[in-house]
Every structure is written in structure tokens, then in C-alpha cells.
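Hello,

Here is the structure I promised to pass on to you. My notes on what turned up in it follow just below.

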Amino acid sequence: MIKKFFTQKKLNIIYSFTAIILMWLIWLTAYYAVGNKLIVPSFLQTLSEFFGYFGKGKFWLALVNSLLRTLIAFVISFSVALICCAATAVFSGAKAFFSPIMAVIRTLPTMAVILLILKFTYNNRTLSPVIVTVLVLLPMIYSQLCTSVEGIDSNLTEMAEVYGVNRSKRLLSIYLPQLLPDIISQTGSNLSLGLKVMISAEVLASTANGLGGMMQINNVSGEIACLAALTLSAVLAGLVIDFSFSLLQRLTCKWTKKE
């Protein structure tokens, strides 16, 4: 059993490494096929610009600003989604009420929303990406929370009611251990998606002091290698977030099993 586990782990590492090599080969193929650095930059030049950004305070300020905006958007989205989900558990008609609202929010076109928000906020290019990210994350988080709550073992909740277990103990012993692993695993992917949406919105809104704003400046000035380096940094930031929450999920799964 242990031997099989380590064999599978080695295979997973090999598969992941093969995928990275394949993406690198696709980049090289595109670079030599196009033959224009203004369209596809070289891999080495992109790496040079990528590591060069590490010594620039402007880059770190932009990265921190984009991450903070993403975190703010996520907290707002999660809080509203949690309230709506709690309402569906208490009121029978709440789910029917929120479903069309979430469906409309989910289908809103990002470009049109940004243009409208810029008008409504008097060209506030810092606020508009946050609002757009909230509109993208909110319906998704709401759906995830509702699915997680519906997946709770009804036998446990019924047993708790029969034995008169108080609400605080139910929350700590039943609901939280079952919901927490799902919430944490979803939080990692939601934050990664939120960062991607945030940067895209910053590009469209030309937000200053953000990764998206830096990308837009490099795009206009024709610094494609710098643009690719910033894109690479955004991808790595998303992967770090996802990986961190995956580790946290494993810890919560162990806690759940102990419970």
C-alpha cells in the first residue's frame, strides 16, 4: 500500500514536469514560428525581465495592491454569499428568490460592466475592478456554499435534534467539520480566479498601482517581454495561493477525521 502510494506520487511528479516541458516547448515553437519579438517574446528575455522585477519596489507595490483588492472583493463576495445561503436554510422561498438574481449577475458581460461602473463611480479606476471581481465571485461562491450545506449528512443533524444538542455545539461538532474542508479548498481556487479577474479588470480600467495597470502600460509601449514577465508573476501568485490552501485543506481534513 505504501509502496503503491509513493509510486503514484512519483508518477504525478513526472506528469506535472512533462506538462511544464510541453508548455515550454509550445512557447519556443510559437517564438520561432512567429519570429517577431513584438508578438511573442523570447523565453530567456522574459525570464530576465521576470527576475528583474524582483528588485523593483513598483512591482511589489502593484502586486500587493492587486492582491489586497482581490482579498477585499473575496471577503465581500463570501460575506454576501454566506448571508444569502443562510437565508435559504431558514426561509423556504429564499432560494427561489436568489436564483434569478445570481443567474443575472453570472451572465453580466465584464467589459460592459466595467464601462458602466466607471461612469457611475466618476472614473474611479481603483473601485471598479473590485466591483467587477465581486460580481464574478459572488454567484459562484453562493452556489458552492449551497451545495456544501446540502451535502451535510442529514442523519447527523436529525440525531443532534433528537438528543437536544445546542446550536453552538452543532456548529462546532457537525456543520464546521463538514463544511470547512470544502470551503478552504474552494477558497484557494476562488482567490486564484479572483486575482485573474482583478488583473483583467485593472487592464481594462487602466488602474494605476496594480499589475493590470503595469501590463497595460507595457502593452501600449510595446514592452512585450515585460508584459509576459508580469503575466508569469500573476500565474505564479495564483499557483502559490492555490497550493497554500491545498495544504491547509489537508490539515482540516485530518481535524475532521479526528472529530
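What volume does the second largest pocket have? In this predicted model, the volume comes to about 260 Å³. Its lining is made up of Trp27, Phe43, Leu47, Phe50, Phe51, Ala228, Thr231, Leu232, Val235, Leu236 and Leu239. Two elements, α2 (43-53) and α10 (224-258), each give two or more residues to that lining, and α10 gives the most, with 6 residues. Sorted by class, the lining has 10 nonpolar residues, 1 polar residue and no charged ones.

Next, the nonpolar cores. The largest one holds 36 residues, and the members that touch the most others are Tyr53, Tyr142, Leu211 and Leu230. Elements giving two or more residues to this core are α2, α3 (57-90), α4 (94-106), α6 (127-150), α8 (167-205), α9 (211-221) and α10, with α3 giving the most at 8 residues. If you centre your view on Leu211 and leave aside its neighbours within four places in sequence, you will find it in contact with Phe59, Ala62, Leu63, Ser66, Ile199, Glu202, Leu230, Ser233 and Ala234. There is also a second, separate core of 8 residues, among them Val113, Ile117, Val197 and Ala201.

Helix α5 (residues 110-120) deserves a look too. Val113, Ile114, Ile117 and Leu118 are buried there. Viewed down the axis of α5, its buried residues fall within an arc of 130°, so they line one face of the helix. Lys119 and Phe120, on the other side of α5, are exposed.

Enjoy exploring it, and best wishes!

Note on methods
Residues numbered from 1 in each chain as written. Predicted model: local features only at pLDDT ≥ 70, side-chain atom pairs only at ≥ 80, totals over all residues. Heavy atoms only, no water. 1 Å grid on protein atoms, 1.4 Å probe; cavity = no way out; pocket = protein on both sides within 12 Å on 5 of 7 lines; lining within 4 Å. Points joined across faces, edges and corners; volume = space filled by probe spheres on them. Helix = DSSP H or I, 4+ residues; strand = E, 2+ residues; numbered from the N terminus. Nonpolar A, V, L, I, M, F, W, Y, C, P; charged D, E, K, R; others polar. Buried < 20%, exposed > 50% of the residue type's maximum accessible area, 1.4 Å probe, protein only. Arc of directions from axis to C-beta. Core = buried A, V, L, I, M, F, W, Y, C linked by side-chain atoms within 4.5 Å. Contact = heavy atoms within 4.5 Å.
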